[in-house]
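Reader: I am new to reading structures like this one. Could you show me how to look at some features, one at a time?

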Amino acid sequence: MAQIRKSTGIIDWLDQRMAVNKMMKVLVSEYWIPKNINFLWAMGVILTTLFVLLLITGFLLMMYYKPDINLAFDSVNYTIMKEVEYGWLWRHIHAVAASVIFLIIYIHTFTAIYYGSYKKGRELIWVSGMLLFILFSAEAFSGYMLPWGQMSYWAAMVITNLFGGIPVIGDAVVEWIRGDYAVSDSTLTRFFMLHVCLLPLVLIAVIALHFYTLRIPHVNNETGEEIDFDIEAEKYLKGDKANAKVIPFWPGFLAKDFMYIGFFMIFFFYLVCFHFNFAMDPINFEPGNPLKTPPHIYPEWYFLWQYEILRGFFFDIFGFSAYNIGLIAFAFAGIALFFMPIYDRSDVVAPAHERKGFFVWFWLLVIDMIILTIFGKLPADGVTMGISNSWIGFYSTITFFILLLVVLPIITTLEKKRGGK
Amino acid sequence: MRELKILIVVVVLSLITYWGIEPYAHSIMHPKVDPVNYNFAEGDVKQAEVVVSKREADLESAKKLGESAKIKNAEKDLQEAKDSLEEYKTFWAEIGAIDFKKGNAQKGAEVFMNAGCAGCHGLEVAGMPAPMDNASASEAYKVVPPDLSTAGYLYDDAFLAAVIKNPNIALKLKHKFNDENPYPMPAFFGAGGEDINQELADMVAYLKSVAPKEVSDEKVFADSCQRCHDMKYEKQYVFTNRVNLAEYMGSNPPDLSMMIRSKGADYLHKFINDTQKMLPGTAMPRVGLNKKAEEQVVAYMQKAGDEKKAERESLGIYIMIYFLIFGIFGWLWKRKVWSELH
């Protein structure tokens, strides 16, 4: 055991027992961040803030929520919204944060793609991030069902049904997930457990992993410059702060992030208090009704692009049914971005505007995903500018896959041959 | 400046996505309809014309397909729509011919008795309670007939006269009730007087004269909606026996507690004003409230479904101011920290 002497204060007392000074250095004051980053690098801290908000409001909501199909709707819309003091505030913060967190996740993800932060030493940051995306999707989906609104019910019905597409055991899997032949009370209670217990535990663990994967390769920067963090850190510690290319996580990085969080929260609470329904489907204010199908069933906005890929294939190809092709495409779309470090054959780490072909590819991907998102909400039987929506869905689905699986490997291989840029 | 450029790109892309999945998608899913029109004569004829032009379009596309069965059906539908348009035109022209200024409340009271209105309806304000309790009335008519005390407050002259003269047309329930399956309230063919229009004007004048000048939102809701709808978050429950009601309407009408959130005020105004415009074929009658009463109903629904609106909005301002100050301090701190980093 270490030699324990009489402490000079609380910090010292703790330091002798837990090395808090060392820990603070490693995690905060000597955790180095490049200096040349812009506000897009604040998205991680904003996501953390939103996650904490979700966690806290989730606990408060859980005090009054009843996971029972006969009570769930009223426990949310009556008890929490009308009887509990500020219940509406917790509920709206929870609901709006659940939606906004996806907006920020997408910005965060596309930032990583734009600056090439997924490759050359940072692959694990990317993979753990994509894992978080999948987990957040599961968390969002299981939570969406809990208020037992009309769209929650039917979304759960449709999504759980998808597992029926698994060969041979499909029907059994659907039944196993639902705990019943149809979406019912047993489905609600297990989704409740998943949403408030199992998934948050896993999420917190993977968030910790995501942070940890950052510790050694460090975050990327605006120019993709390869910084020798040891040399730059030494400069900083010697007092040459102006010339060092790095800043400590605290106070340098967080000082900026606090400002961003402050301004972001103005926007966030504007949504919560004045425009909460931007994220809530009005149909969800009708209680779930197994006997009445809503005219259009669609998921929340952040799943729309995947949903459009699911229904993008509406005709059979070479004897494969449209349903199965769509299902495979959907399953693949869910994990497609995981493999970015594999599709991208080039070693160049630089912002997209310094990589010509990649720059065009990046914006095509963004536009394609926005189109998928918008058409994911529109009724498939409609016509837009003289083209049927089904065909637009089909072409943008195909475009998504070609961009990722064909175009990206080709342009990055060419880039490599040219020797970068 | 680069940061500002990036921010603009992020905001613009988010807004395009937002526009696509909210206003645009919803405008496609809920095609535009004419605005609320309290002049029912004009509104009904217009709406009937809309239906005719829709049926014409359907017939055109059926002809393009060339299937004779479909064309036949489309032709039949078009003919029905045209007949319906004619019917509305005639009906409202007849109502338009009534001179309500000549209505005499005293005579109206006599007509009211002679026409047998009190056989089914109560008129509490005039000391006439409903002839049956709610349970027996539910059995007898499948839905409890309203007490007419506030009718003069809830409806304007023309609608009152129209509903007395021919409730099935005025309430837009022709698709549901016909000669074999008549509407529980019979049409009015006169109560023995010489001029049916005069009798209608008298009855309207009578109902207007007995109606209270001010009615609470809750009472307006009770008299207009509660015979069929619950508002359980306000602890208001249907008057009619639920079994009879489900039989009468085809299914149990929904609870209205959350309707303001699931449909929104604009939809509700249009729906109350003309059910068939918003949900063709629905079993719910057109409510026909005048502007003031309709606003009261929607306000009551707002209270039930969005009670904390005022609190939400006033607190919202404070929270936003708090974070503005937080952000300014954050900015000052950042300036201090970064002054030696540059």
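Reader: Where is the kink in helix 16 of chain A centred?

Author: A bend at a residue is the angle between axes fitted to the seven residues ending there and the seven starting there. In this predicted model, helix 16 of chain A kinks by about 45 degrees, centred on Leu403(A). Helices here are DSSP runs of H or I, at least four residues, and strands are runs of E, at least two, numbered from the N terminus.

Reader: What span does helix 16 of chain A reach from its first C-alpha to its last?

Author: The expected span is 1.5 Å times one less than the number of residues. Helix 16 covers residues 389-417 of chain A and reaches 40 Å, close to the 42 Å expected for its 29 residues. After the helix comes Gly419(A), with a positive phi near 80 degrees.

Reader: Is Arg355(A) buried or exposed?

Author: Buried means under 20% relative accessible area, exposed over 50%, and partly exposed in between (1.4 Å probe, protein chains only). Arg355(A) is buried, at 0%. This residue sits in the loop between helix 14 (340-343) and helix 15 (356-377) of chain A. Contact means heavy atoms within 4.5 Å; leaving out residues up to four places away in sequence, Arg355(A) touches several residues, including Tyr118(A), Asp344(A) and Glu415(A).

Reader: How many salt bridges are there over all chains?

Author: A salt bridge is a side-chain nitrogen of Lys or Arg within 4 Å of a carboxyl oxygen of Asp or Glu. By this rule the count is 35 over all chains. In chain B, Arg261(B) pairs with Asp306(B), their closest N and O atoms 2.7 Å apart. That pair links distant parts of the chain, 45 residues apart: Arg261(B) is in helix 12 (residues 259-273), and Asp306(B) is in the loop between helix 14 (291-305) and helix 15 (309-339). Both Arg261(B) and Asp306(B) are buried. There is also a network of salt bridges that links Lys82(A), Glu234(B), Lys303(B) and Glu307(B).

Reader: What does the secondary structure of chain B come to?

Author: Chain B has 15 helices and 0 strands. Its radius of gyration, taken over C-alpha atoms, can be set against the globule rule, 2.2 Å times the number of residues to the power 0.38. Chain B has 27 Å, well over the 20 Å given for 342 residues, so this chain is more spread out than a compact globule.

Reader: Which conventions should I keep in mind?

Author: Residues are numbered from 1 along each chain as its sequence is written, and chains are lettered from A and ligands numbered from 1 in the order in which they are written. Local features need pLDDT of at least 70 and side-chain atom pairs 80 or more, while totals for chains, interfaces and linings use all residues; side-chain values use heavy atoms, with hydrogens and water left out.
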